[in-house]
Every structure is written in structure tokens, then in C-alpha cells.
Amino acid sequence: MPRTIIYYVLVGLLFVSCTKDRVCSCEVTKTGTATTTAAITFSVPLLGNVPLVDTSFTTPVYESQSVERTLIKVTRRAAKNNCISYTEPYNDNVINTVPNFQLTSNSKGILTYECSLE
């Protein structure tokens, strides 16, 4: 009788802890604001660069995308520990410059990852 119980416990543990490929699906949402600034300057020999036009505008940012990650040969517990939901701040700066013209884009806000194990 004790051998039978041990046998069933071992078979049960084998099924519970089996490793296989598992999929973690995440919905990534980016919210915040984007500020774009454009400046046109010209050069005066004694004064340096003098701005002619300097303008900026701000727009809201909302982007959403779905991402699937495949976790290879992991147990359900390990997959559950690696498939987490979280938020993080972001701050992206892009500066484009050509002679007498500069375009600056600054985007900042929050990235939200909502993940679930399939």
C-alpha cells in the first residue's frame, strides 16, 4: 500500500512539474505627451546664431499593441513568475539638425504592460 501511494505521488508530481513551451501574452499601452519644437536660425557674424522662427506644440500620445512571448521548456510556476504585469516611465528625445534648422521631439509618459499566461 505505501508503495502505491508513493507511486501515485511521483506520477502526480511528474504531471504538475512537466516542462513545455508556454506563451505569455502582453498588452503594451503607451500614454503621455509629445512636444515638438522647430527653430530656424541664421548666422550674424558678430551676434552668432539669431532665431528667426521658434515654435513648439504638444500632442497627447496613446499607443497600444499586443505582444506574445514564448517561454521555452519551463514549468507552469516558472512561466507564471516570468509573465508579470508592470508599469515604467519612458522619456524619448530625438534631435534632427541641418544647417539653420533644428527639429526636437520629446515624448514622455508611462508604459503599461498587462500580461497573462495562456
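The following exchange discusses the strands, a charged pair and a surface patch of a predicted model.

Biologist: On what basis are residues and values reported for this model?

Modeller: Residues are numbered from 1 along each chain as its sequence is written, and side-chain values use heavy atoms, with hydrogens and water left out. Because the model is predicted, local features need pLDDT of at least 70 and side-chain atom pairs count only at pLDDT 80 or more, whereas totals for chains, interfaces and linings use all residues.

Biologist: What is the order of the strands in the open sheet?

Modeller: Strands here are DSSP runs of E with at least two residues, numbered from the N terminus, and two strands pair if DSSP finds at least two bridges between them. S2 and S3 are the edge strands, each pairing on one side only. The open sheet has four strands with antiparallel pairing, in the order S2-S1-S4-S3.

Biologist: How many bridges join S1 and S2?

Modeller: A hairpin joins S1 to S2 through three residues. Within this pair, Lys30 stands opposite Glu63 in S2. S1 and S2, the latter spanning residues 48-74, pair in the antiparallel sense, and the number of bridges is 24.

Biologist: Which residue in S4 is the bridge partner of Ala34?

Modeller: S1 and S4 (residues 101-117) pair in the antiparallel sense over 17 bridges. Among the partners in S4, Thr35 has Asn106 and Thr37 has Thr104. For Ala34, the bridge partner in S4 is Ser107.

Biologist: Which residue takes a positive phi in the hairpin of S3 and S4?

Modeller: S3 and S4 pair in the antiparallel sense over 13 bridges, and Asp92 stands opposite Ser107 in S4. Their hairpin has two residues between the strands. The residue with a positive phi, near 70 degrees, is Asn100.

Biologist: Which side chains meet in a salt bridge?

Modeller: A salt bridge is a side-chain nitrogen of Lys or Arg within 4 Å of a carboxyl oxygen of Asp or Glu. A search of the whole structure finds one such pair. The N to O distance is 3.5 Å, and the side chains are those of Lys30 and Asp92.

Biologist: How many residues apart are Lys30 and Asp92?

Modeller: The salt bridge between Lys30 and Asp92 links distant parts of the chain. Lys30 lies in strand S1 (residues 20-44) and Asp92 in strand S3 (residues 86-98), so that their separation along the chain is 62 residues.

Biologist: Is Lys30 buried or exposed?

Modeller: Buried means under 20% relative accessible area, exposed over 50%, and partly exposed in between (1.4 Å probe, protein chains only). Asp92, at 36%, is partly exposed. Because its relative accessibility is 18%, Lys30 counts as buried.

Biologist: What accessible area does the nonpolar surface patch have together?

Modeller: Patches are made of residues with over 30% relative accessible area and no salt bridge, with like charges joined within 9 Å and nonpolar side chains (Val, Leu, Ile, Met, Phe, Trp, Tyr) within 5 Å; accessible areas come from the Shrake-Rupley method with a 1.4 Å probe, and for residues only the protein chains shown count as cover. S1 and S2 are the elements that give two or more residues to the patch. Ile40, Phe42, Leu52, Val53, Val98 and Phe101 form it, and their accessible area together is about 500 Å².
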